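Colleague: Could you walk me through how to read the features of a model like this one? I would like the general idea and then the case at hand.

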Amino acid sequence: MALKMDFPLLLIFHFVITTNTLKSLSSFGKESQLTVVGVHGNYTWPVRDKAVHTQGDLILGALHMVHERSEDKICGPIMPQGGVQALETMLYTLDVINADQKLLPGITLGVLAKDDCDRDIYGLEQAVDFIRGSIANIGGSEYACHDGSDPVILGVIGAPSSVTSIQVANLLKLFKIPQVSFFSTSTVLSSRDRYPFFLRTIPSDVHQAQVMLELVRMFGWTYVSVVYEESSYGMQGFNELEKLLKASEICIAATEKMIKDSGVAGQATYDKTVERLLAKSNARGVIVFGSDQEVGMLMQAVRRNNASRWFSWIGSDGWGGRSLAVDGNEIEVEGSVTVQPLAFEVKGFKDYFLRLTPQNNKRNPWFVEFWEQQFRCKYPGSSWTPYNDQFNVTCSGQEHLSPSEFEMEAQLQFVSDATMSFAHALNNIHTDLCAGQSGLCDAMMPIDGELLKDYLVKVNFTGLSGQDFAFLPNGDAPARYRILNYRQVERGRFEWKTIGYFLEKHLYLDSQSSKRIFNKEQIVDLKYRWEEPKHPDSVCSRPCHKGEAHHMIDGSACCWTCSPCHIYQYLPTKYACVDCPLGTIPSYDRQSCVEIVIVYLRYTDAIAIVAMTFASLGIIATGVVMTVFIVYNNTPVVKASGRELSFVLLFGIFLCYAMTFILVSKPHETTCGAQKYGIGLSFSIVYSAILTKTNRIARIFRAGKRTSKRPRFISPRSQLFICGAFVAFQNAVGVVWLLLRPPRAVAYHANRDDHQLVCSDAVGAWYMVGFTYPIVLVVICTFYAFITRNIPEAFNESKYIGFTMYTTCIIWLAFVSIYFSTEHNIQIRIATMSFSISLSATVGLVCMFATKLYIIIFHPERNVRQSLLAAKPVMPSPKLTQCYSSIPSSYLSNGRQDTAHSTQSDYGDLEMVHRLRPSVSFSSSISRSTCATQTLTNGTSTSTQTLDLISKGADDVQL
């Protein structure tokens with residue numbers, strides 16, 4: 001049944017959880033903020049409140065990595081290309097949008113832009129500002145902007161890093177805020193189930209890995225190493241690449257991870273990475289899936305290890321075409337072929353950016369830092385940072401960016417397209433809902449996040465780069481890549497050159513090509529090094545020693561490692577070790593698997609023989625008892641024991657013994673079903689009969705104290721009906737159990753060397769379903785046996801019942817503990833169950849019938865009513881004797897005659913009343929004299945059965 005909750009309560013619950021989360025995030029940020037002791041005084045770093053905040057009718061959020069990542073300072077130096085240029089591209093695009101009267105007529109777009117410093121947790125903290133307005137709309141919050149406003153953010157542009165985008169996407173989806181990233185390429189973010197509100201204008205790494213594979217195949221490499229960064233971007237990219245290389249039978253020589261998310265690696269770590277790459281001397285081709293900062297440090301390590309001209313690199317878009325990776329590392333990077341998402345220059349942006357100065361760009365609070373870093377000077381009045389306190393030169397403000405020295409980020413189109421996608425989605429919403437009205441209309445506000453996301457997925461526009469753009473159905477961007485080659489165009493001058501494209505799953509030599517090119521000689525413009533134009537080979541072939549298995553790396557036939565198979569593996573071919581299926585082990589020659597001998601409890605097993613012998617003796621003893629009871633059916637002892645219930649009890653005991661033969665038989669659907677049904681049925685018959693007996697005794701005993709009225713439902717027919725009702729419930733349980741879990745014989749493996757054939761329900765605690773109801777009966781019987789323990793000695797069957805139940809409880813307490821401790825060996829569990837069932841049956845047989853058989857067979861002289869009644873007479877008081885003498889003898893004689901025709905139940909009832917007389921007083925239905933209620937010699941006075949009941953065979957005894 002689905003849980004229903006009122007909508008207001010759901011909002012309150014959502015608000016409380018989110019508020020607590022935000023408090024935690026804010027606390028984290030505050031604890032991480034640093035106080036820097038600088039040359040010119042102390043200052044706080046980073047400045048978290050810095051943000052670009054432009055006004056508009058509709059506000060977007062944005063996350064940019066304005067600063068590089070730093071391990072010790074949280075935020076590193078300013079990032080010129082992917083940071084400041086990306087931020088300014090977004091602002092430039094917003095200016096174009098707001099100036100276009102046809103796009104969002106009468107509506108202006110504003111932005112709240114934050115810096116994530118390329119750190120996921122820091123970026124998540126900054127993203128909290130994007131949801132404060134949404135929280136305020138729910139019902140108020142302690143989070144508020146400094147100016148007292150809480151702008152509602154419709155959507156978020158960014159974050160650049162995949163790992164940050166993952167964190168932010170998890171937060172924004174709670175408030176249904178769409179997010180469009182421009183640099184996040186991780187394959188994880190393609191999941192619509194996990195990130196339903198995430199989209200991106202840059203292709204997924206799934207496609208980038210495909211491009212890298214095509215490049216490897218183009219070079220003819222079959223043995224390569226892979227280096228990837230420790231981030232979602234790097235690890236997911238590597239996972240995709242690994243799958244593709246395996247499918248193409250290309251071997252991976254080594255895989256190395258560059259630390260990123262968990263810290264900043266030192267030189268020694270990168271040196272070790274290079275040393276391990278050099279150890280694979282045949283793998284000169286290396287694929288690097290990482291970011292420019294980490295790749296730059298890797299190249300420095302290559303130079304320190306004197307391997308500058310050894311490797312041939314294939315790179316991802318994280319460092320391809322970026323100056324941070326190659327500046328100072330030109331010789332090491334030379335010849336690299338990298339992948340870059342196909343992007344074109346945003347028209348007008350270069351002129352816009354070159355005109356920017358700190359004086360005319362007040363809306364970007366980080367532009368001064370960029371200016372200081374660009375010209376290595378301290379701008380007047382600017383805040384101190386860890387990166388400008390060493391500048392001794394003061395900026396004049398007259399510096400200008402030179403077009404010849406300006407290096408533009410190659411992927412700014414994606415930033416512009418992300419901004420434009422929101423504008424066109426909102427414009428389409430405005431067109432559909434506002435019916436040509438200029439400005440915001442009531443039907444449009446508030447804008448639903450689900451609706452905005454749906455419109456985003458459907459946008460189709462021509463961006464500022466002149467290229468058409470549309471999202472794929474899953475929110476990813478189309479797979480379009482440029483292939484770059486870093487080479488010397490002149491002696492000592494290096495450049496990134498476009499040598500081809502990857503469009504619609506095909507690699508092309510250039511934009512005019514119509515087919516894929518795999519022959520590396522046909523790529524005339526591709527160059528490795530000035531003195532070595534051709535890229536080196538990267539292949540491997542290492543034969544294994546005799547007796548070792550050829551373990552294929554990623555399934556490739558060209559490269560393998562040699563290793564012995566594990567103890568449970570066999571060699572179907574020389575190339576692979578394969579695990580033997582459960583229930584089998586390798587053959588002696590390890591060429592195949594042989595089945596482990598199936599183990600199950602057999603009739604010939606010693607423990608089964610003992611169990612069956614015990615059960616057989618019990619069946620014989622049960623047959624003897626039943627025969628004696630049939631032969632002496634009309635004797636007082638048999639009558640007094642309750643013939644009908646005694647035979648039911650004996651039948652149940654017989655079934656208990658018979659269950660042993662079913663339990664030790666070979667598991668099969670039939671035997672498994674018989675076990676499930678029989679274990680509960682046999683016990684329910686036994687303890688239903690005992691429960692009926694003890695219940696009858698207790699009711700008669702209580703009635704004899706309280707009233708002269710005969711208790712109801714104590715006749716043999718009533719007793720059988722009650723017993724049958726108890727058994728019927730267990731039958732119902734058994735039938736339902738069989739229907740819900742049909743019996744099956746299954747293979748069970750307690751460990752790798754084990755192979756047992758068992759009934760499916762013998763595994764686990766399922767057999768306790770059959771024992772639950774009998775255990776309840778046992779508990780109730782024990783309770784009744786306890787409360788009837790003080791019945792007069794001559795009526796002592798309750799004492800035997802009590803002993804039976806006490807012993808049974810001990811047996812089953814021990815059995816339950818053994819049952820749950822032997823799950824690893826079902827045979828021991830089944831044998832233990834057999835012994836416990838037989839032992840319980842034996843206890844019942846001995847305790848309930850041994851004394852009766854002793855009297856019937858060895859002391860027949862005591863098998864008479866007079867002998868039994870005289871066993872332990874009780875002396876009444878003189879007044880009681882006088883009262884008896886006043887009863888007409890004819891009435892008593894008639895009572896004895898009636899007794900001769902009474903049933904077994906009457907004997908027991910009247911004998912109990914007779915034995916209760918010494919402890920109680922009674923009233924007569926015949927005589928109303930003063931002796932109707934008598935005080936006995938012991939001084940106790942209570943109400944008893946009537947003389948009418950006493951006259952009905954008061955001399956019969958029940959044992």
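Modeller: We will go through a sheet, a core, a helix and a buried side chain.

Modeller: One thing before we start: this is a predicted model, where local features need pLDDT of at least 70 and side-chain atom pairs count only at pLDDT 80 or more, while totals for chains, interfaces and linings use all residues. Residues are numbered from 1 along each chain as its sequence is written, and side-chain values use heavy atoms, with hydrogens and water left out.

Colleague: Let's take sheets. In what order do the six strands of the open sheet lie?

Modeller: Helices (H or I, at least four residues) and strands (E, at least two) are DSSP runs, numbered from the N terminus. Two strands pair if DSSP finds at least two bridges between them. Here the order is 3-7-4-8-9-10, with mixed pairing. Strand 3 (52-54) and strand 10 (198-200) each have a single partner strand, so one side of each is left without a neighbour in the sheet. On average, neighbouring strands are turned by 20° against each other, direction ignored; axes are lines fitted to C-alpha atoms, for helices over the stretch in contact, and angles run from 0 to 180 degrees between N-to-C directions.

Colleague: In which sense do strand 4 and strand 7 pair?

Modeller: Strand 4 (residues 58-64) and strand 7 (residues 109-115) are parallel, with seven bridges. Within that pair, Ala 62 stands opposite Ala 113 of strand 7. Helix 2 (residues 80-99) packs on this sheet, touching strand 3, strand 4, strand 7 and strand 8 (153-157), and its direction makes about 175° with that of strand 7. Contact here means heavy atoms within 4.5 Å.

Colleague: Which residues of the largest nonpolar core touch the most other members?

Modeller: A nonpolar core is a set of buried Ala, Val, Leu, Ile, Met, Phe, Trp, Tyr and Cys residues joined through side-chain atoms within 4.5 Å. Buried means under 20% relative accessible area, exposed over 50%, and partly exposed in between (1.4 Å probe, protein chains only). Of the 68 residues in this core, the answer is Met 90, Leu 109, Phe 353 and Leu 452. Helix 14 gives the most to the core, with 11 residues. Leaving aside neighbours within four places in sequence, Leu 452 is in contact with residues including Leu 154, Phe 422 and Ile 429. A second, separate core of 67 residues includes Trp 737 and Tyr 819.

Colleague: Why do the buried residues of helix 15 lie on the same side?

Modeller: An α-helix has 3.6 residues a turn, so residues three or four places apart point the same way. In helix 15 the buried residues are Gly 449, Leu 452, Lys 453, Tyr 455 and Leu 456. They cover an arc of only 165° around the axis, which puts them on the same side of helix 15; the arc is that of the directions from the helix axis to the C-beta atoms. Among the elements covering them are strand 8 and helix 14. At the N-terminal end, Asp 448 caps helix 15, with a side-chain oxygen 3.1 Å from the backbone nitrogen of Glu 450.

Colleague: One last case: is Asn 329 buried or exposed?

Modeller: Asn 329 is buried, with a relative accessible area of 2%. Asn 329 sits in the loop between helix 10 (323-326) and helix 11 (330-333), and its side chain reaches the backbone oxygen of Gly 296 at 3.4 Å. A polar contact is a pair of N or O atoms within 3.5 Å; within protein, one must be able to donate a hydrogen and the other to accept it, and residues adjacent in sequence count only if both atoms are side-chain atoms.
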